[in-house]
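Colleague: I have the two chains open in my viewer and would love a guided tour. Could you walk me through them?

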Amino acid sequence: MAVQAMWSGTISFSLVAIPVHLVKAVEPGRISFRLLHNKDYSPLTRKMFCPEEEKTVPSDEIIRGYEIMPDKYIPMTDEELESVSPERSRTIEIIEFIDTKDVDPIYYDHPYYLVPSKGGEKAYRLLVEVMRRTKKAGLAKFVLSEREYLVAVTPRDGALALTTLRYSEEILPDEDLSPKKGKIAAEEQSRIKKSIERMIEDFNPQKYADDRRKKLMDLLTKKAKEKAPVEAPAVEEEEKEGPADLVAALEESMRKVKSR
Amino acid sequence: MAGGTIWKGYIHFRDTDVPVKLHTAVKEERIQFHLLHGRDRVRLRQRMVCAHEKQPVPPEEQCKGFEVEDGKYVIVDPAELEQTAPEGSRVIEVHEFVKTRQIDPIYLDRPYYLEPDISDIQGKGFNALVKALKDLDVTGICTWTMRKRPYFGALQARGKTLRLSTLRYADEIVPVESLELGDVALSEKELKIGSELIEKLTAPFEPSKFENEHQKKLQDMIDKKARGEKVVVLRPRRLKPTGSDQLLRALEASLKKAA
């Protein structure tokens, strides 16, 4: 498998169950930098630090807690979190199908792909082909890393795409933004329409590139040529700890919320 | 109410300029957890630790490096990064218009609402643009600069307003070919029954009937624990996959059930 699975389980509709795994459908093109120590150019790693004991805490001593009042936390275990919606944490159950054209695109949030696991290939292919023919999308509820998503499952180039949808209450009303009724001069209207008509092309997103990324790449290439890159001192490979990934994943999701 | 104004500028193409204000269109709400030290339940803070010295490093001793090869870095300082920021501008430049149905939703990223700015007092240009986009069923493909970053987006009319959605760049989309999906033969009968089943299970799209029940259940569990009550841990359910040889039977049984 070329792409790494972030989840595995079953997608079902009526009495048909298909074993699948979830993979990324978008890979942000951002250029990523590493934070380094400016004295020895050694990379810095994110560690959790206990202010009470004044030391870093290994991942097996880290738990999650919900703050019910300042500085008072209710600890939550992974098992407890998973048991909040046990029926949805391993199953994407399609509740109903909808006409894809009825979905207001403002609902679309983050896209993923579903890939069939062993034994699911045929039922997967059937679901893709049947939704393509009928121009339908499947609606399902699904829990991923403690969050319940409403998702739309659609066919895309022979694969199943799973896109998380925003909940209605997360979409702000726009009535207060619409302009006062102003009479549009017929002349103005036809002028704008004509301008637009002259500019109609086919959608070709490949034409657009992130200029900032390009400039940054140019800068880095230039710098690498001018001056030899610095080298970090060798360190013994630290043991990869399982729960550390969880911490990283949590932080990543927190960062995502904050950056919005 | 829509969110506050986050940016002001004007939409430009050919001989048309429409002054607009940008508003957030979506909000996100979720229960937040903190990381605690299991032993004493003290909230943990993040520290950047030097992999070599194994010591926390204060921000003034941190720098940014781009890894050119394993363990080798090009150091960049903030002033150099600043140079790559685009020049500030107030223009949402529309480069072309495309038929709205051509836009694969996988490109859509973050939506914003547009409102006519004060200098377009009666919203004349704005209203004319909304109407033209609707009549022609087209979307404007545009670029603009906001918060020192370049954006690529889709300008669309919906209801009486305009929306601007940021778009992902083409090279950020994982191509389906990389999933290496094999081809599987399906019988016309399987496809026919499958299509019939899907038609039977189709309902109108009413997103407001779906609530985030999980969030509520999670809050209930937290409250229960806060009161000192015991929480029963449930195992996630796994469904038995439908084998290839049982597919037709499962479809037929589903169709019967849906009838």
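Modeller: Happy to, and please keep in mind that this is a predicted model. A good place to begin is chain A, which has 260 residues, of which 34% count as buried.

Colleague: How many helices and strands are there in chain A?
Modeller: Of its contacts between residues at least 6 apart in sequence, 63% join residues at least 24 apart. As for the elements themselves, the count for chain A is 6 helices and 13 strands.

Colleague: And what share of the residues in chain B is buried?
Modeller: Chain B contains 5 helices and 11 strands. Its radius of gyration is 27 Å, well over the 18 Å that the globule rule gives for 259 residues, so chain B is more spread out than a compact globule. The C-alpha atoms fill a box of roughly 65 × 60 × 50 Å along the principal axes. Of the 259 residues in chain B, the buried share is 31%.

Colleague: How many residues of chain A are in contact with chain B?
Modeller: Let's take the chain B side to begin with: 147 of its residues take part. They divide into 77 nonpolar, 32 polar and 38 charged. On the chain A side, the number in contact is 148.

Colleague: Which residue is the bridge partner of A:Leu36?
Modeller: Strand S3 (residues 34-37) of chain A pairs with strand S5 (residues 62-69) of chain B. The pairing is antiparallel and runs over 4 bridges. Within S5(B), the partner of A:Leu36 is B:Cys63.

Colleague: Which strands are at the edges of the open sheet of 3 strands?
Modeller: The order in that sheet is S5(A)-S4(A)-S4(B), with antiparallel pairing. Strand S4 (residues 44-50) of chain A is joined to S5(A) by 2 bridges, and A:Cys50 has A:Lys55 as its bridge partner there. An edge strand pairs on one side only, and the edges here are S5 (55-56) of chain A and S4 (45-50) of chain B.

Colleague: Which helix gives the largest share of the largest nonpolar core?
Modeller: This core has 87 residues, and those with the most contacts inside it include A:Tyr113, A:Leu127 and B:Leu129. Leaving aside residues up to four places away in sequence, A:Leu127 touches A:Ile18 and A:Leu160. The largest share, 7 residues, comes from helix H3 (residues 121-134) of chain A.

Colleague: Why does this core lie between two domains of chain B?
Modeller: The domain assignment of chain B gives domain 1 (5-28 + 85-171) and domain 2 (184-199 + 245-259). Their centres, taken over C-alpha atoms, are separated by 44 Å. The core lies between them because residues are given to it by both domain 1 and domain 2.

Colleague: One last residue: is B:Leu248 buried or partly exposed?
Modeller: B:Leu248 sits in helix H5 (residues 247-258) of chain B. Not counting residues up to four places away in sequence, B:Leu248 touches B:Lys189 and B:Glu190. A buried residue needs 20 or more other C-beta atoms within 10 Å, and an exposed one has 12 or fewer. B:Leu248 has 16, so this residue is partly exposed.

Terms used. Residues are numbered from 1 along each chain as its sequence is written. Chains are lettered from A and ligands numbered from 1 in the order in which they are written. This is a predicted model: local features need pLDDT of at least 70, side-chain atom pairs count only at pLDDT 80 or more; totals for chains, interfaces and linings use all residues. Two residues are in contact if their C-beta atoms, placed from the backbone, lie within 7 Å. Two strands pair if DSSP finds at least two bridges between them. A nonpolar core is a set of buried Ala, Val, Leu, Ile, Met, Phe, Trp, Tyr and Cys residues joined through C-beta atoms within 7 Å. Domain bounds come from an automatic or database domain assignment. Ala, Val, Leu, Ile, Met, Phe, Trp, Tyr, Cys and Pro count as nonpolar, Asp, Glu, Lys and Arg as charged, and the others, Gly among them, as polar. The radius of gyration is taken over C-alpha atoms; the globule rule is 2.2 Å times the number of residues to the power 0.38.
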